[in-house]
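Welcome, and thanks for taking a look at this one with us. Please have the sequence and the 3D view open as you read.

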Amino acid sequence: MTTRKSSRKVATLELPSVLDVRAAMPLHGSLAGLRGRAVELDASQVQRLGGQCLQVLVAAAAAWRLDGV
């Protein structure tokens, strides 16, 4: 997962092609490091999404909503 800044002051997190159980902790860490900032997820390369990563993404969406971001 790579993070890049765009000109709109929105961080873009590029998701890997496989988001399985092994990707859950790195995904959580990447998102936790961006908490409070505007983030755009680039899921254009994702081919497989496991339940654990789906939970991380849903929890992140809820956290950003609560933060008002």
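Here is a short briefing on the fold, the core, the helices, the surface and the salt bridges.

The model is a predicted one. Its protein chain has two helices and five strands, arranged along the sequence as β-β-β-α-β-β-α. Of the 69 residues in the protein chain, 28% are buried.

**Overall picture**

- Among contacts in the protein chain with a separation of 6 or more, 72% are between residues 24 or more positions apart.
- The protein chain exposes about 4,600 Å², and carbon and sulfur atoms supply 55% of that area.

**The nonpolar core**

- The largest nonpolar core holds 15 residues, and the ones with the most contacts inside it are Leu-13, Leu-19, Leu-27, Leu-31, Cys-53 and Trp-64.
- Two or more residues of this core come from each of β2, α1 and α2.
- Which element gives the most to this core? That is α2, with six residues.
- Beyond its neighbours within four places in sequence, Leu-19 is in contact with Leu-27, Val-46, Arg-48, Leu-49, Gly-50 and Cys-53. Two of these partners, Leu-27 and Cys-53, are also listed among the core residues with the most contacts.

**Helix α1: one face in, one face out**

- Helix α1 covers residues 21-33, and its buried residues are Ala-23, Ala-24, Leu-27 and Leu-31.
- Why do these buried residues line one face of the helix? Looking down the axis of α1, they fall within an arc of 115°, so they share one face.
- The general background is helical geometry: an α-helix has 3.6 residues a turn, so residues three or four places apart point the same way.
- Arg-22, Met-25 and Gly-33 sit on the other side of α1, where they are exposed.
- The cover over the buried residues of α1 includes three strands, β2 (11-14), β3 (18-19) and β4 (39-42), along with helix α2 (51-67).

**Helix α2: Val-56 and Leu-54**

- Val-56 is part of helix α2. Is Val-56 buried or exposed? Its relative accessibility is 15%, so Val-56 counts as buried.
- Setting aside neighbours within four places in sequence, Val-56 is in contact with Ala-24, Leu-27, His-28 and Leu-31. Of these partners, Ala-24, Leu-27 and Leu-31 are buried residues of α1.
- Val-56 and Leu-31 are 25 residues apart along the chain, and their C-alpha atoms are separated by 8.8 Å.
- Leu-54 also lies in helix α2. Leu-54 has 42% relative accessibility and therefore counts as partly exposed.
- At the surface, Leu-54 joins Leu-49 and Val-58 in a nonpolar patch, and together they have about 270 Å² of accessible area.

**Salt bridges**

- How many salt bridges are there? The count comes to two.
- One pairs the side chains of Arg-22 and Asp-20, at 3.0 Å from N to O. Arg-22 is exposed, with a relative accessible area of 68%, whereas Asp-20 counts as buried at 17% relative accessibility.
- The other pairs Asp-67 with Arg-35, and their closest N and O atoms are 2.7 Å apart. Asp-67 belongs to helix α2 and Arg-35 to the loop between α1 and β4, so this pair ties together parts that are 32 residues apart in sequence.
- Both partners of this second pair are partly exposed: Asp-67 has a relative accessible area of 36%, and Arg-35 has 46% relative accessibility.

**A closer look at Asp-20**

- Asp-20 is located in the loop between β3 and α1. Its relative accessibility is 17%, and buried means under 20%, so Asp-20 counts as buried.
- Which residues is Asp-20 in contact with, leaving aside its neighbours within four places in sequence? They are Arg-48 and Cys-53, and both are also contacts of Leu-19.
- Asp-20 and Gln-52 are 32 residues apart along the chain, with their C-alpha atoms separated by 7.0 Å.

Terms used: Residues are numbered from 1 along each chain as its sequence is written. This is a predicted model: local features need pLDDT of at least 70, side-chain atom pairs count only at pLDDT 80 or more; totals for chains, interfaces and linings use all residues. Side-chain values use heavy atoms; hydrogens and water are left out. Buried means under 20% relative accessible area, exposed over 50%, partly exposed in between (1.4 Å probe, protein chains only). Helices (H or I, at least four residues) and strands (E, at least two) are DSSP runs, numbered from the N terminus. The arc is that of the directions from the helix axis to the C-beta atoms. Contact means heavy atoms within 4.5 Å. Patches are made of residues with over 30% relative accessible area and no salt bridge: like charges are joined within 9 Å, nonpolar side chains (Val, Leu, Ile, Met, Phe, Trp, Tyr) within 5 Å. Accessible areas come from the Shrake-Rupley method with a 1.4 Å probe; for residues, only the protein chains shown count as cover. A salt bridge is a side-chain nitrogen of Lys or Arg within 4 Å of a carboxyl oxygen of Asp or Glu. A nonpolar core is a set of buried Ala, Val, Leu, Ile, Met, Phe, Trp, Tyr and Cys residues joined through side-chain atoms within 4.5 Å.
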